[in-house]
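Here are some exercises to work through with the model open beside you. Try each task before you read its solution.

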Amino acid sequence: SGFSSIGHMDTMLRGRHHIGHYKEGEEFIQNVFHSLFLLFPGKEKSKLSIFWLQYEISKVVQCFQAKKKKKLKAQGKKSKKLAKNLLKAPDNRNHLSLWKLYAYLEWLLGNITDARKVFDTALSTSGTGGLKSPQLCSLTLLYAQLEVELLESTEGAVMSRAVHILTKVTESGPYVPYSGQVLSVNVLKARKTYEHALQDYLSKIPISDQDQVSDADQLVNLVGCYALFQYLTVGIDAAVSVYAQTLEKLGAPGPQKCENAGENVGIQNFPTVLEAVTILHTNLLRFHMKISVYPLNPLREALTEALKRYPSNQSLWRSYIHIQRKSHSASKARRFFDGVTRSTNSLEPWLFAIQAEQMRKKLIENVQRADVGEIHSTIPETGLTNRIIALFEHAVQSENGTHCPLLWRMYLNFLV
């Protein structure tokens with residue numbers, strides 16, 4: 001039915017409605033999954049199950065963003081049914097990545113107690129691999145991150161469920177669900193275990209072997225768990241020093257041209273260890289600023305450094321735009337965007353530069369149109385309009401921009 005019938009484009013607003021998943025496109029995608037499912041053997045089938053569940057989760061997230069409660073309820077039911085059916089398959093029963101996604105889905109739908117049960121069950125049946133098992137580490141990290149997001153401040157966090165989870169993964173015994181307290185002896189032991197595990201990993205990985213996927217993922221999850229553990233038990237500076245130590249040891253290279261296709265749909269699946277560790281670092285700083293008083297500069301510096309290195313990482317750009325919205329001076333951000341667009345062929349810096357200016361324009365128009373008794377001030381903001389048009393013009397003249405349908409559509413949309 002008209003344009004973009006397969007998949008969805010969430011950048012465009014049409015009238016008041018967000019363009020969501022079309023019925024025909026949705027049927028087509030479901031048919032593809034069903035057909036492929038019959039063709040793949042065990043291991044590939046498990047991988048396909050993960051992609052399918054990730055796709056379902058993306059739809060739940062979309063319902064959240066569009067604030068459609070009814071649709072969210074219906075979508076949640078469908079997605080949960082699929083998740084349960086996928087987990088019933090004999091090959092998937094002990095597949096921790098699937099359990100992780102299912103628990104995450106329950107958490108997104110607001111069923112925190114059910115989600116905790118799923119996480120606990122998965123951890124209890126996962127064996128005693130501890131920090132050596134990549135899937136177990138990844139599951140632990142997500143569970144702990146979600147628990148930390150529920151905290152209102154870091155006071156008393158040492159006794160929290162998150163610390164319990166992060167402590168248990170370092171012990172080689174079976175997992176015991178949280179009972180309301182964490183022993184300080186266990187916290188000290190866990191800190192030593194994390195320290196040694198990280199040292200071992202960093203000493204054994206030569207830079208050239210960074211691309212061995214499971215090792216790389218494992219290192220990212222280990223660093224994430226250790227930093228989060230330090231954050232909860234010692235404080236933000238201890239967590240930042242874990243990230244700094246890792247980035248230094250892996251030899252963060254200077255700014256380089258990255259041709260990566262941006263962010264993967266997975267919860268953590270990034271092109272390089274350094275990029276993934278940087279994202280964990282900036283996310284933790286953002287979270288800490290939300291729950292307590294902390295200067296903006298460390299986060300701004302970390303983001304600008306990272307974006308020079310990974311100009312096509314959408315997640316980092318989103319964080320950058322988010323913090324720039326709070327500043328009243330646009331010149332610093334404009335200079336930064338200008339520098340990055342000159343030094344890379346990636347299209348992301350252009351798209352985000354345009355988005356940042358459009359947000360600024362919207363903000364100014366809202367302020368100008370504020371209701372003042374009978375008078376409505378409607379002075380047009382021509383400076384910003386011209387600036388945005390100039391950005392579009394430069395972007396569509398760039399090599400990648402010429403061939404980007406999204407960019408042309410955004411340009412047309414803006415002119416209309």
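## Exercise 1: a salt bridge within one helix

K308 has a relative accessible area of 37%, which makes this residue partly exposed. Keep in mind that you're looking at a predicted model.

**Task.** Find out which residue meets the side chain of K308 in a salt bridge, and work out where the two sit in the helix.

**Solution.**
- Step 1: The partner is E305, with N and O 3.6 Å apart. The cut-off is 4 Å, so the pair counts.
- Step 2: Both belong to helix α12 (residues 297–309); being 3 residues apart, they're separated by about one helical turn.
- Step 3: Now check the partner's exposure. E305 has 40% relative accessibility, so E305 is partly exposed too.
- Step 4: Look for salt bridges that share partners. E26, E56 and K59 are joined that way into one network.

## Exercise 2: salt bridges between helices

**Task.** Take the salt bridges of E106 and E147, and say which helices each one links.

**Solution.**
- Step 1: E106 pairs with K80, and their closest N and O atoms are 3.5 Å apart.
- Step 2: That pair joins distant parts of the chain, since E106 is in helix α4 (residues 96–108) and K80 is in helix α3 (residues 69–88), 26 residues apart.
- Step 3: How accessible is E106? Its relative accessible area is 3%, so E106 is buried.
- Step 4: E147 pairs with R161, at 3.8 Å between the closest N and O atoms. Helix α6 (residues 134–150) holds E147 and helix α7 (residues 161–168) holds R161, so this bridge ties together parts 14 residues apart in sequence.
- Step 5: Both of these partners, E147 and R161, are buried.
- Step 6: For the full tally, the structure has 10 salt bridges.

## Exercise 3: ring pairs

**Task.** Classify two of the 15 aromatic pairs found in the whole structure, using the angle between the ring planes.

**Solution.**
- Step 1: Start with F37 and W52. Their ring centres are 5.6 Å apart and the planes make 75 degrees; this is over 60, so the pair is edge-to-face.
- Step 2: F37 comes from helix α1 (residues 23–39) and W52 from helix α2 (residues 42–65), so parts 15 residues apart in sequence are tied together.
- Step 3: F37 is buried at 17% relative accessible area, and W52 is buried at 3%.
- Step 4: Move on to Y194 and F229. The centres are 5.3 Å apart and the planes sit at 45 degrees, so this pair is tilted.
- Step 5: Y194 lies in helix α8 (residues 184–204) and F229 in helix α9 (residues 213–233), so the tie spans 35 residues in sequence. Both rings belong to buried residues.
- Step 6: Ring pairs also build a cluster from W317, Y320, F336, F337 and F352.

## Exercise 4: one helix and its cover

**Task.** Check the span of helix α15 (residues 348–368), then find what covers its buried residues.

**Solution.**
- Step 1: The helix has 21 residues, and at 1.5 Å a residue the expected span is 30 Å.
- Step 2: The end C-alpha atoms of α15 are 30 Å apart, which agrees.
- Step 3: Pick out the buried residues of α15; among them are W350, L351, F352 and K361.
- Step 4: Their cover includes α13 (314–324), α14 (331–343), α16 (382–397) and α17 (405–415).

Key:
Residues are numbered from 1 along each chain as its sequence is written. This is a predicted model: local features need pLDDT of at least 70, side-chain atom pairs count only at pLDDT 80 or more; totals for chains, interfaces and linings use all residues. Side-chain values use heavy atoms; hydrogens and water are left out. Helices (H or I, at least four residues) and strands (E, at least two) are DSSP runs, numbered from the N terminus. Buried means under 20% relative accessible area, exposed over 50%, partly exposed in between (1.4 Å probe, protein chains only). The expected span of a helix is 1.5 Å times one less than its number of residues. Contact means heavy atoms within 4.5 Å. Rings of Phe, Tyr and Trp (its six-membered ring) pair if their centres lie within 6.5 Å; planes under 30 degrees apart count as stacked, over 60 as edge-to-face and the rest as tilted.
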